[in-house]
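Grab the model and work through a few exercises with me. Try each task on your own before you read the solution.

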Amino acid sequence: MLSGQFEKKGFFIATLIIFWYSSNIGVLLLNKLLLSNYGFRFPIFLTMCHMTACAVLSYVSIVFLKIAPFQRIKSRSQFLRISTLSVVFCGSVVGGNISLRYLPVSFNQAVGATTPFFTALFAYLMTRKQEAWATYGCLVPVVTGVIIASGGEPSFHLYGFIMCIGATAARAFKSVLQGVLLSSEGEKLNSMNLLLYMSPIAVVVLLPAALVMEPNVIEVTATIATEHRYLGLLILINSAMAYGANLLNFLVTKHTSALTLQVLGNAKGAVAVVISILIFQNPVTFIGIAGYTMTVMGVVAYGESKRRHK
């Protein structure tokens with residue numbers, strides 16, 4: 001009886017992880033497909049579509065499906081803090097989507113793997129939080145690997161690289177800022193409620209930005225849709241998967257340990273790289289692969305060192 005329960009739980013967690021991988025990697029690949037292959041060159045508008053789906057589906061999931069307990073905003077101060085997080089979150093997602101217009105997914109993931117470096121940097125600058133010297137030492141191969149991978153990347157694009165680094169830094173900044181702004185016990189929100197409040201704010205920020213910076217987005221999208229009749233469906237699926245990735249991240253975190261999540265996250269990046277190379281056939285070099293491998297090994301060592309020195 002007990003072994004049966006363990007088997008069911010194991011099967012449930014394995015299924016969650018498979019769907020988590022599928023949604024995360026699927027969003028990444030669909031973003032690349034839309035922004036590079038379809039001529040749909042509107043990363044701000046695409047991010048707005050993602051945020052709209054997250055706002056609607058978060059509301060349905062929390063209020064009606066009760067996937068997570070509903071948490072109310074308790075003060076104007078808390079709302080302003082969430083708004084600040086939402087703007088930073090927008091910047092990270094838009095920057096990541098812009099970079100996909102110019103960089104292959106494989107290199108995008110290599111740069112994204114440097115998140116722990118920026119997290120450690122911002123944690124020190126903003127909270128004076130210090131790690132053991134051995135932990136900081138693990139960040140050397142993280143940065144060195146990306147430098148090597150950049151030198152060996154046949155499709156290197158400076159603007160795309162700057163956008164990708166900016167998005168990675170913004171993602172790390174948001175995680176540190178979240179710990180600072182929502183640190184009191186009464187103001188902490190789980191990730192699903194935070195997404196519920198951040199998404200509509202993100203839409204309000206992104207809509208005017210898209211209209212100003214991508215003024216012909218509607219007419220061009222309509223033109224492309226006449227040539228590619230599945231464009232609207234792809235954007236819809238892509239937006240739903242963006243929400244699914246957040247939901248599954250919440251569920252995987254809930255049903256596994258932080259260490260398991262960290263290991264799975266590191267492996268996910270490598271899986272995304274392999275799949276993207278197989279699909280998009282972008283050229284890779286031995287130097288690029290060696291650089292990315294060094295970065296991933298540094299990230300793994302950094303996580304292990306943090307765990308040991310807690």
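**Exercise 1: a serine and its surroundings**

Leaving aside neighbours within four places in sequence, S199 is in contact with M51, C54 and A55, where contact means heavy atoms within 4.5 Å. Before going on, some ground rules: this is a predicted model, where local features need pLDDT of at least 70, side-chain atom pairs count only at pLDDT 80 or more, and totals for chains, interfaces and linings use all residues. Numbering runs from 1 along each chain as its sequence is written, and side-chain values use heavy atoms, with hydrogens and water left out.

Task: Find the helix that holds S199, and decide whether S199 is buried or exposed.

Solution. Start with the helix: S199 sits in α9, residues 191-213. Helices here are DSSP runs (H or I, at least four residues), numbered from the N terminus. Next, check the cover: S199 has 0% relative accessibility, so it counts as buried. The scale is under 20% relative accessible area for buried, over 50% for exposed, and partly exposed in between (1.4 Å probe, protein chains only). Finally, follow the side chain, which reaches the backbone oxygen of L195 at 2.6 Å; a polar contact is a pair of N or O atoms within 3.5 Å, and within protein one must be able to donate a hydrogen and the other to accept it, while residues adjacent in sequence count only if both atoms are side-chain atoms.

**Exercise 2: the two sides of a helix**

Task: Work out which residues of α10 are buried and what covers them.

Solution. First, pick out V217, T221 and I224, which are buried in α10 (residues 217-227). Then look down the axis of α10: the buried residues fall within an arc of 65°, so they line one face of the helix. That arc is taken from the directions from the helix axis to the C-beta atoms. Now turn to the face pointing away from the buried side, where I218, E219 and T226 are exposed. Last, the cover: it includes α2 and α11 (231-255).

**Exercise 3: salt bridges in α13**

Task: Which residues pair with E304 in salt bridges?

Solution. Some background: side chains of opposite charge can pair when their charged atoms come close. A salt bridge needs a side-chain nitrogen of Lys or Arg within 4 Å of a carboxyl oxygen of Asp or Glu. Step one is R307, whose side chain meets that of E304 at 2.6 Å, N to O. Both lie in α13, 3 residues apart, about one turn of the helix. Step two is R308, with its closest N and O atoms 3.1 Å from those of E304. R308 and E304 are 4 residues apart in α13, so about one helical turn separates them. Step three is exposure: R308 is exposed at 64% relative accessibility, R307 is partly exposed at 44%, and E304 is partly exposed at 27%.

**Exercise 4: positive phi outside glycine**

Task: Where do R128 and Q281 lie, and how exposed are they?

Solution. Take R128 to begin with: its phi is near 60°, a positive value in a residue other than glycine. R128 is in the loop between α5 (115-127) and α6 (133-137), and it counts as exposed at 54% relative accessibility. Then move to Q281, which has a positive phi of about 55° although it is not a glycine. Q281 belongs to the loop between α12 (258-280) and α13 (286-308), and is exposed, with a relative accessible area of 60%.

Terms used. Helices (H or I, at least four residues) and strands (E, at least two) are DSSP runs, numbered from the N terminus.
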